[in-house]
Structure formats: structure tokens, C-alpha cells
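Q: I'd like a close look at one part of this model, with the surroundings filled in as you go. Here it is.

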Amino acid sequence: EKFRTEWKKESALLADALEVKTQTEKIDLVLQFLEVRDARRKDNQLSLELIDYEHWLEWEEGTAKYIEVAILKQASGSTEYQPIPEMKTDPDFKSYQEFDGRWAQEIFQLRYQTTSGESQFYMTGMAQAFLLDDLMPDWKDKYWGGNVFLEDLLRMAIDK
């Protein structure tokens, strides 16, 4: 239960960081997130293998989740983007038109951990990637360099 509570705190800090208005507040919350994460791993004596597993899940699945949501965000902000005509008749294809609601849902899931198991890492990885968009706009160039995880990039971003 203690581990779960600590994990929820990490997620809530990421959600808070995504919602604040100033860079100073965002950086402060990212620092808190990293401190809480490091403490959780230490307090629960996570092995290097388990820590690597967390890194990889966020790197792979979290970034995939980020791409999914970032595409919707990009499409929602474009007046020029139009889906193919067949998509207009699909009642399930409206997320890009209602991005604010979708984003609120993603933040809710992140904050209150409405997902379970590995999908929690999808949310925390996605959150870190969106934070990197603000804190280190060139993060994607570094991402593919090998053995650099989202968390590492966040650490680099706030150490500037």
C-alpha cells in the first residue's frame, strides 16, 4: 500500500506540473516528482532491473501514448487539417475536435490512476514527454541516442 501511495504521489505531481502556468512552478514540480520517485525506489529497495523495467516501459509505451495524444493536439490546433471524408461519418472519430476534453481525461487518469498495471507507465511516460516539450524542446533529438530515458532528459532539462 505504501508503494502504491508513493506511486500515486508521483503521478499527481506530474499532473500538477502539466497544469501550472509558469516555468518556475513547472520546474519545481518536476524536481519534487524526481525526488519522490528516487525516494520510492530507495525506500522500497527496487533492484536495478526493476528500475530499468520502469524506464523502458515509460520510454516505449509512454512515448507511444504521448505520440497518440500529441497528434490529436496538433490536429485540434490546425484550421487546415481535415480528416478524409469517410472519417466524418465515424461517430467514434472526434477526439481531435474535442481535444480539451480528451486532455482533461488524460490528466484525470494520470492524477487518480484510473488505469492499472503497466498502463500506469503509459501515463507517466506520456506526462514526462509533454513536460519535455516545454522544458527541453529538442528532447526528441536526444531520445534516440540510446540509454537515455525520459526521466534522464527531465533531469537534464532542469539542470540547465
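Which residues does Val-30 touch, not counting residues up to four places away in sequence?

A: Keep in mind that this is a predicted model. Leaving out residues up to four places away in sequence, Val-30 touches Ala-17, Leu-131, Leu-135, Leu-154 and Ile-158.

Those contacts belong to a bigger picture. The largest nonpolar core has 35 residues, and Val-30 is listed with Leu-132 and Trp-139 as having the most contacts inside it. At least two residues of this core come from each of these helices: H1 (2–19), H2 (23–43), H3 (48–76), H5 (99–112), H6 (119–135), H7 (139–143) and H8 (150–158). The top contributor is H6, which gives eight residues to the core. As a general backdrop, nonpolar side chains in soluble globular proteins tend to be buried together.

H6 deserves a moment of its own. Of its 17 residues, 13 are buried, so the helix is largely enclosed by the rest of the structure. From first C-alpha to last, H6 reaches 24 Å, close to the 24 Å expected at 1.5 Å a residue.

Now for something polar. Glu-54 sits in helix H3, and at 4% relative accessibility it counts as buried, the cut-off being under 20%. Arg-41, in helix H2, is buried too, with a relative accessibility of 6%. The side chains of these two residues are joined by a polar contact of 2.8 Å. Looking at the wider neighbourhood, again without residues up to four places away in sequence, Glu-54 touches Phe-3, Trp-7, Arg-40, Arg-41, Leu-46 and Phe-121. With that same exclusion of residues up to four places away, the list for Arg-41 is Leu-46, Ile-51, Glu-54, His-55 and Glu-151. Leu-46 turns up beside Glu-54 and beside Arg-41.

Glu-54 also takes you to the largest pocket, where about 180 Å³ of space lies. Its lining is made up of Phe-3, Arg-4, Trp-7, Arg-40, Leu-46, Leu-50, Tyr-53, Glu-54, Gln-113, Gly-117, Gln-120 and Phe-121. H1, H3 and H6 are the elements that give two or more residues to that lining. So H6 turns up again: it supplies eight residues to the core and has a share in the pocket lining.

Between H2 and H3 there is a loop, and Gln-45 lies in it. Gln-45 is not a glycine, yet it has a positive phi of about 50°. Unlike the buried pair above, Gln-45 is exposed, with a relative accessible area of 71% against a cut-off of over 50%.

Finally, follow H3 along to Ser-76, which is also placed in that helix. Ser-76 is partly exposed, at 33% relative accessible area. A polar atom of the Ser-76 side chain lies 2.8 Å from the backbone oxygen of Lys-73. To get a feel for the distances here, Arg-41 and Lys-73 are 32 residues apart in sequence and 33 Å apart in space, C-alpha to C-alpha. Ser-76 and Leu-29 are 47 residues apart along the chain, with 27 Å between their C-alpha atoms.

Definitions and conventions. Residues are numbered from 1 along each chain as its sequence is written. This is a predicted model: local features need pLDDT of at least 70, side-chain atom pairs count only at pLDDT 80 or more; totals for chains, interfaces and linings use all residues. Side-chain values use heavy atoms; hydrogens and water are left out. A nonpolar core is a set of buried Ala, Val, Leu, Ile, Met, Phe, Trp, Tyr and Cys residues joined through side-chain atoms within 4.5 Å. Buried means under 20% relative accessible area, exposed over 50%, partly exposed in between (1.4 Å probe, protein chains only). Helices (H or I, at least four residues) and strands (E, at least two) are DSSP runs, numbered from the N terminus. Contact means heavy atoms within 4.5 Å. The expected span of a helix is 1.5 Å times one less than its number of residues. On a 1 Å grid over the protein atoms alone, a cavity is a set of points where a 1.4 Å probe fits but cannot get out, and a pocket is an open set with protein on both sides within 12 Å along at least five of seven lines; lining residues have an atom within 4 Å of a point. Grid points are joined across faces, edges and corners, and a volume is the space filled by probe spheres set on the points. A polar contact is a pair of N or O atoms within 3.5 Å; within protein, one must be able to donate a hydrogen and the other to accept it, and residues adjacent in sequence count only if both atoms are side-chain atoms.
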